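Student: I would like to learn how to read a ligand site in a model. Where should we begin?

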Amino acid sequence: MYILHHTPDSAALIVRLVLEELGLPYQIAPIDRAGGALDSPAYRKLQPLGKIPALQTPDATLFETAAILLHLSEVTGKLAPAPNTPERGPFLTWLFFTSNNLHPVAMNYYYPERLAGAENAAAVKAIAAAQLKSLVATLENMVALDAPDWLSTKPSILGYYVAVLMRWLAEPCPASDHPALHKILLALEATPAAQTCAQAEGLATTLFSNPY
Ligand SMILES: N[C@@H](CCC(=O)N[C@@H](CS)C(=O)NCC(=O)O)C(=O)O
């Protein structure tokens with residue numbers, strides 16, 4: 001049994017989508033974020049930075065979204081190209097692109113005051129929006145040119161990761177401006193896994209392509 005430490009519509013949603021897609025048994029452990037649970041010693045033991053998500057597995061507690069997704073893919077042999085296949089390297093490149101660029105800049109966009117104080121929040125948000133537009137355009141171009149199997153209308157760990165980020169970034173980077181990604185979002189939000197998560201977290205049925 002997996003235990004997913006979770007708040008709705010956070011990065012824990014990405015892990016939940018993958019657990020659902022893989023049909024793995026899991027329990028949700030709600031995090032009382034407003035009550036300061038992210039700073040509690042008990043949660044910091046699971047996730048030392050006080051970020052969401054953390055996943056307790058039968059063997060260890062994991063954090064960092066990309067690491068959790070890769071682990072779930074590896075233990076099941078699903079939702080990513082297998083090691084030692086030609087697709088694995090490019091897949092890892094774009095997984096880390098997403099984890100190291102798109103995800104943190106999305107956080108800067110949502111929490112601009114954390115970088116340079118409330119007085120500079122508008123400027124930081126504008127810079128983050130410009131960076132996000134460039135990053136999403138880079139991803140869109142790669143998908144349109146390369147048509148990779150591991151970021152396509154077929155479920156994959158990277159597909160669900162990108163889909164949730166595109167949900168959050170609907171304002172600076174509307175999905176409809178990115179036809180190759182839009183097609184993927186439409187297909188992934190139609191999966192039983194996505195609809196189960198949408199219902200559980202109170203999200204629109206068009207949770208990726210038209211979230212709000
Ligand atoms: N690098 C981490 C980032 C996780 C992260 O930023 N999570 C956000 C939710 S999407 C969070 O914990 N926000 C709460 C906060 O920063 O106070 C990962 O990939 O898991």
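Tutor: Begin with a single polar contact. In this predicted model, a polar side-chain atom of Lys51 is 2.7 Å from an oxygen atom of the ligand.

Student: Which polar backbone atom is 2.7 Å from an oxygen atom of the ligand?

Tutor: One that belongs to Ile52. In addition, an N or O atom in the side chain of Arg114 lies 2.7 Å from an oxygen atom of the ligand. A pair of N or O atoms is counted as a polar contact within 3.5 Å.

Student: How much of the ligand's accessible area does the protein cover?

Tutor: On its own the ligand has 510 Å² of accessible area, and the protein covers 87% of it. The space that the ligand takes is the largest pocket.

Student: Which residues surround the ligand?

Tutor: List the shell, then sort it by class. Around the ligand are Ala11, Arg33, Leu38, Lys51, Ile52, Pro53, Glu64, Thr65, His103, Met107, Arg114 and Trp168. Six residues of this shell are nonpolar, two are polar and four are charged.

Student: How is the protein chain divided into domains?

Tutor: The domain assignment gives domain 1 (2-76) and domain 2 (88-201). Their C-alpha centres are 19 Å apart. Across the two, 21 residues of domain 1 are in contact with 23 residues of domain 2.

Student: Where does the ligand lie with respect to domain 1 and domain 2?

Tutor: To place a ligand, check which domains supply its shell. Here domain 1 (2-76) and domain 2 (88-201) both contribute residues to the shell, so the ligand lies between them.

Technical notes:
Residues are numbered from 1 along each chain as its sequence is written. This is a predicted model: local features need pLDDT of at least 70, side-chain atom pairs count only at pLDDT 80 or more; totals for chains, interfaces and linings use all residues. Side-chain values use heavy atoms; hydrogens and water are left out. A residue is near a molecule or strand if one of its heavy atoms lies within 4 Å of it. A polar contact is a pair of N or O atoms within 3.5 Å; within protein, one must be able to donate a hydrogen and the other to accept it, and residues adjacent in sequence count only if both atoms are side-chain atoms. Accessible areas come from the Shrake-Rupley method with a 1.4 Å probe; for residues, only the protein chains shown count as cover. On a 1 Å grid over the protein atoms alone, a cavity is a set of points where a 1.4 Å probe fits but cannot get out, and a pocket is an open set with protein on both sides within 12 Å along at least five of seven lines; lining residues have an atom within 4 Å of a point. A molecule sits in a cavity or pocket if more than half of its atoms lie within 2 Å of its grid points. Ala, Val, Leu, Ile, Met, Phe, Trp, Tyr, Cys and Pro count as nonpolar, Asp, Glu, Lys and Arg as charged, and the others, Gly among them, as polar. Domain bounds come from an automatic or database domain assignment. Contact means heavy atoms within 4.5 Å.
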